[in-house]
Amino acid sequence: TATIGEKLSVRRFAKVTGECVASYLHAGGKIGVLVAADGTADAKEALTNVAMQVAAMNPQYISRNDIAQAEIDKMREIVVKTG
């Protein structure tokens, strides 16, 4: 805060662990993605590509447990009607 002069607040966070961790910032730093996996450092380029795809998809939820049942039912109905 003292360096950039802006008020910062962390709304949510999670600990990321793995032998290899890759990051990607998208849209001028508005969207950030961390991807972790077990493997060698050679996997970092692949993980960076995965992180880029995640950022481009702009996911609304981190895990299925975060989605309300009503939202799941709505998504399922859309897929069944169009599929």
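**Reading the largest pocket and helix H1**

Mentor: By class, 12 nonpolar, four polar and four charged residues make up the lining of the largest pocket, and we should keep in mind that this is a predicted model.

Trainee: How is such a space found, and how much space lies in the largest pocket?

Mentor: The general idea is that rolling a probe the size of a water molecule over the atoms shows where empty space is left. In this structure, the largest pocket holds about 910 Å³ of space, and among the 20 residues that line it, Arg-12, Gly-32, Val-33, Leu-34 and Ile-62 lie nearest its centre.

Trainee: Which element gives the most to the lining of the largest pocket?

Mentor: That is S2, with five residues; strand S2 (31-37) and helix H1 (44-57) each supply at least two residues of the lining.

Trainee: What span should the 14 residues of H1 have?

Mentor: Counting 1.5 Å a residue, H1 should span 20 Å, which agrees with its end C-alpha atoms being 20 Å apart.

Trainee: Which residues of H1 are buried, and which exposed residues does the face turned away from its buried side carry?

Mentor: Buried here means under 20% relative accessible area, and exposed over 50%. Leu-47, Ala-51 and Ala-55 of H1 are buried; they cover an arc of only 80 degrees around the axis, so they lie on the same side of H1. The buried residues of H1 pack against strand S1 (20-26) and S2, whereas the face turned away from the buried side carries the exposed Glu-45, Gln-53, Ala-56 and Met-57.

Trainee: What phi does Asn-58 take, just after H1?

Mentor: Asn-58 takes a positive phi there, of about 50 degrees.

Methods. Residues numbered from 1 in each chain as written. Predicted model: local features only at pLDDT ≥ 70, side-chain atom pairs only at ≥ 80, totals over all residues. Heavy atoms only, no water. 1 Å grid on protein atoms, 1.4 Å probe; cavity = no way out; pocket = protein on both sides within 12 Å on 5 of 7 lines; lining within 4 Å. Points joined across faces, edges and corners; volume = space filled by probe spheres on them. Helix = DSSP H or I, 4+ residues; strand = E, 2+ residues; numbered from the N terminus. Nonpolar A, V, L, I, M, F, W, Y, C, P; charged D, E, K, R; others polar. Expected span 1.5 Å × (residues − 1). Buried < 20%, exposed > 50% of the residue type's maximum accessible area, 1.4 Å probe, protein only. Arc of directions from axis to C-beta. Contact = heavy atoms within 4.5 Å.
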